[in-house]
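Visitor: Please take a close look at one part of this model for me, namely its salt bridges, and then place them in their structural surroundings. I would like a connected account rather than a list.

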Amino acid sequence: MRKLIAGAFITLDGVVQDPGGFSEIERGGWALDYFDDISRRRATDALLASDTFLLGRATFEILEKAWSRNTGPYAEAMNALPKLVVTRTLRGPLPWNATVLAGEAAETVAKLKQQPGGDIVMYGSFTLTRTLLEQNLIDELNLGVHPLVVGEGRRLFDSASPRSLRFVSATPNATGVVTLTYAP
């Protein structure tokens, strides 16, 4: 069975999206100031260790716009990965090596995990993350906790069923970000 690894940048107060919305994320938002060479290398290694990138529609549109024309090891790894986009609104061929994943999210992701292949990585896509976590389809949840309180903005768990996760590891970097890894 394939492993689904979800990740998100998050502040100490649980915010995953700046109050400025998606336009702020496209410019890097608050997370960019904390993304050092070690973080970039870890992120690149995670992409290279997987063979599929799973995204929700909004995250796909943001990342395609932000990364499809970039160069360097991280951008090249991201651009090369086949992407599956969970969406009810996009149709037909997609740019950026992406394909629409049709059907109900939990059902289609469960089937995807049964197919042969390597790890599936997912960044952002907060609604999709909550849905898949509630359906026990996420095998690893990596939260890059930033030493920052922003006060307002979208929270990862603004609406979720109570759930207990098992602590796996904590990995700090020099900028003060701690990546916390949890499993169901």
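**Salt bridges and their surroundings**

Guide: The structure holds nine salt bridges, and the model in which they are found is a predicted one. I will take three of these pairs in turn, and then turn to the sheet, the cores and the helices.

One of the salt bridges is formed by the side chains of Glu140 and Lys3, with 3.1 Å between N and O. Glu140 belongs to strand E7 whereas Lys3 sits in the segment before E1, so this pair ties together parts that are 137 residues apart in sequence. The two partners fall into separate classes of exposure: Glu140 has a relative accessible area of 19% and is therefore buried, the limit for that class being under 20%, while Lys3, at 32% relative accessibility, counts as partly exposed.

A second pair is that of Asp13 and Arg155, whose closest N and O atoms are 3.9 Å apart, a value that still counts because the criterion for a salt bridge is within 4 Å. Asp13 is found in the loop between E1 and strand E2 (15–17), and Arg155 in strand E8 (residues 154–155), so parts that are 142 residues apart in sequence are tied together here. Arg155 is partly exposed, with 28% relative accessibility.

The third pair lies within one helix. The side chains of Glu61 and Arg57 meet in a salt bridge at 2.8 Å, N to O, and because these residues are four apart in helix H3 (residues 57–67), about one helical turn separates them. Glu61 is partly exposed, with a relative accessible area of 34%, and Arg57 also counts as partly exposed, at 32%.

Next comes the sheet. Strands E1 and E7, named above, take their places in an open sheet of eight strands with mixed pairing, whose order is E5-E4-E3-E6-E1-E7-E10-E9. At its edges stand strand E5 (98–101) and strand E9 (166–172), each with a single partner strand, so that one side of each is left without a neighbour in the sheet. From one strand to the next, the twist averages 25°.

Strand E7, which holds Glu140, runs antiparallel to E10, and five bridges join the two; Gly144 stands opposite Thr179 of E10. Between E9 and strand E10 (residues 178–183), again antiparallel, there are six bridges. In this pairing, Ser169 stands opposite Thr181, and Thr171 stands opposite Thr179, the E10 residue that also faces Gly144. The hairpin of E9 and E10 has five residues between its strands, and there Gly176 takes a positive phi near 100°.

The nonpolar cores draw on some of these elements as well. In the largest nonpolar core, which has 25 residues, Leu4, Leu54, Met122 and Leu132 touch the most other members. Strand E1 (4–11) and strand E7 (140–146) are among the elements that each supply at least two residues of this core, as are strand E4 (83–86), helix H5 (105–114), strand E6 (119–123) and helix H6 (126–134). With residues up to four places away in sequence set aside, Met122 touches Leu4, Ile5, Ala6, Gly7, Phe53, Leu54, Leu128, Thr129, Leu132 and Ile138. Another core lies apart from this one and has 18 residues, among them Leu47, Phe60, Leu90 and Val121.

Helix H3, home of the Glu61 and Arg57 pair, is also a packing partner of helix H4 (residues 73–80), in which Tyr74, Ala75, Ala77, Met78 and Asn79 are the buried residues. These buried residues pack against H3 and likewise against H2, strand E3 (50–56), E4 and E6. Helix H2 (residues 37–48) contains Ser39, which is buried at 12% relative accessible area. The side chain of Ser39 makes a polar contact of 2.7 Å with the side chain of Asn173, and beyond its neighbours within four places in sequence, Ser39 is in contact with Tyr34 and Asn173.

Terms used:
Residues are numbered from 1 along each chain as its sequence is written. This is a predicted model: local features need pLDDT of at least 70, side-chain atom pairs count only at pLDDT 80 or more; totals for chains, interfaces and linings use all residues. Side-chain values use heavy atoms; hydrogens and water are left out. Buried means under 20% relative accessible area, exposed over 50%, partly exposed in between (1.4 Å probe, protein chains only). A polar contact is a pair of N or O atoms within 3.5 Å; within protein, one must be able to donate a hydrogen and the other to accept it, and residues adjacent in sequence count only if both atoms are side-chain atoms. Contact means heavy atoms within 4.5 Å. A nonpolar core is a set of buried Ala, Val, Leu, Ile, Met, Phe, Trp, Tyr and Cys residues joined through side-chain atoms within 4.5 Å. Two strands pair if DSSP finds at least two bridges between them. Axes are lines fitted to C-alpha atoms, for helices over the stretch in contact, and angles run from 0 to 180 degrees between N-to-C directions.
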